[in-house]
Amino acid sequence: MTEVALEQDWKSQVSGEVIPGIARLAEFVQAVFADVVEALVLFGPAVSSEFHPGIDRARTVLVLRNVELAGLRRLATEIPGLTNQGVAAPLIMTPAYIDESRDTFPLEFLEVQQRHVIVLGRDPFSNLTFLDADIRTQCEREVKILMIGLRQGLLASGGADDDLVDLDHDVASGLVRTLRGVLWLKGTRDALSTKDILTHVEGVVGRKLDGLRKSLQPEARERWDEFVRLYDDVAAVGRFIDELQTN
């Protein structure tokens, strides 16, 4: 059995609140998947100052050379405990899946590439490349999905504004991922904080995104006017993406 190396300095690069849960996950992976694990990668807000305990969950990618359902079943027994420690169930991928999905999920992979820490193994994301056309296509698709989600969520709320809070937060998070792709298409390919992403995109799109900014605040308690502002922001970004040309 070959033990995949644990990166010794990963704890210094992440939000302290997630360390116990990620350490628990890493220990389990080393014990159960030692023969097939390529990497355990922590990504997203947990590797920045934007992590909000109790609201955000630490997100990971577990990269395995091959996936065996029996191993995943054993991992499933750990998920409730990890959830209690603020860690979401890991995304399970193989190296082939990552390589073959760059055209399908470029925004997700771009998010991982720009904000991640290696907990175990080697880095499978740093050298990924993407085509402009693929990123633009997913940006357009994601905004259209967000628009439908807002409309259907409004109908499902039964007119109760309090029911819009979680919906708005989820839509706002999805829109930030899309805006990262918009900036990539406009030539800004460095890892940016959410605040800097919004500032840059406002300059590119030519309008303030006050609804999005409000919805991203941890203490946000959306009301009708704020829901409308977020909806208008999503629509404006969608119109901008529709007009974007790629090489």
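**Figure 1. Helix H7 gives the most residues to the lining of the largest pocket.** With 8 residues, H7 is the main contributor to that lining. Keep in mind as you look around that this is a predicted model. The pocket itself has a volume of about 830 Å³. Two more elements, helix H8 (194–205) and helix H9 (210–215), join helix H7 (164–185) in giving two or more residues to the lining. Which residues lie nearest the centre of the pocket? They are Pro45, Asp56, His169, Ser173 and Leu216, out of 30 lining residues. Sorted by character, the lining holds 14 charged, 9 nonpolar and 7 polar residues. If you wonder how such a space is found, rolling a probe the size of a water molecule over the atoms shows where empty space is left.

**Figure 2. Helix H7 is mostly covered along its 22 residues.** Follow H7 from its first C-alpha to its last and you travel 31 Å, close to the 32 Å expected at 1.5 Å a residue. Is this helix mainly buried or exposed? Of its 22 residues, 17 are buried. After the helix comes Gly187, a residue with a positive phi, near 100 degrees.

**Figure 3. Strand S1 pairs with both S4 and S2.** Begin with strand S1 (residues 37–43), which runs antiparallel to S4 and is joined to it by 5 bridges. S1 also pairs with strand S2 (residues 59–64), again in the antiparallel sense, through 6 bridges. Ala39 is a good residue to zoom in on: its bridge partner in S4 is Gly121, and its bridge partner in S2 is Val63. For Leu40, the residue standing opposite in S4 is Leu120. While you compare these positions, remember that in a regular strand the side chains alternate between the two faces of the sheet.

**Figure 4. Strands S1 and S4 and helix H5 are largely enclosed.** A residue counts as buried when its relative accessible area is under 20%. All 7 of the 7 residues of S1 are buried, so the rest of the structure largely encloses this strand. Strand S4 (residues 116–121) has 6 of 6 residues buried, so it too is largely enclosed by the rest of the structure. In helix H5 (residues 106–114), 8 of the 9 residues are buried, and therefore H5 is largely enclosed as well. Among the buried residues of H5 are Leu107, Phe109, Leu110 and Val112, along with Glu111 and Gln113.

**Figure 5. Asp123 sits in a loop between S4 and helix H6.** Helix H6 covers residues 132–156, and the loop that holds Asp123 lies between S4 and this helix. Is Asp123 buried or partly exposed? Its relative accessibility is 28%, so Asp123 counts as partly exposed. Now look across to Leu150: the two residues are 27 apart in sequence, and their C-alpha atoms are 36 Å apart in space.

**Figure 6. The whole chain has 10 helices and 4 strands.** Starting at the N terminus, the elements follow the order α-β-β-α-α-β-α-α-β-α-α-α-α-α. The radius of gyration is 19 Å, close to the 18 Å that the globule rule gives for 247 residues, so the chain is as compact as a globular protein of that length. Its C-alpha atoms fill a box of roughly 55 × 45 × 30 Å along the principal axes. Buried residues account for 49% of the 247 residues.

How values were computed
Residues are numbered from 1 along each chain as its sequence is written. This is a predicted model: local features need pLDDT of at least 70, side-chain atom pairs count only at pLDDT 80 or more; totals for chains, interfaces and linings use all residues. Side-chain values use heavy atoms; hydrogens and water are left out. Buried means under 20% relative accessible area, exposed over 50%, partly exposed in between (1.4 Å probe, protein chains only). Two strands pair if DSSP finds at least two bridges between them. On a 1 Å grid over the protein atoms alone, a cavity is a set of points where a 1.4 Å probe fits but cannot get out, and a pocket is an open set with protein on both sides within 12 Å along at least five of seven lines; lining residues have an atom within 4 Å of a point. Grid points are joined across faces, edges and corners, and a volume is the space filled by probe spheres set on the points. Ala, Val, Leu, Ile, Met, Phe, Trp, Tyr, Cys and Pro count as nonpolar, Asp, Glu, Lys and Arg as charged, and the others, Gly among them, as polar. The expected span of a helix is 1.5 Å times one less than its number of residues. The radius of gyration is taken over C-alpha atoms; the globule rule is 2.2 Å times the number of residues to the power 0.38.
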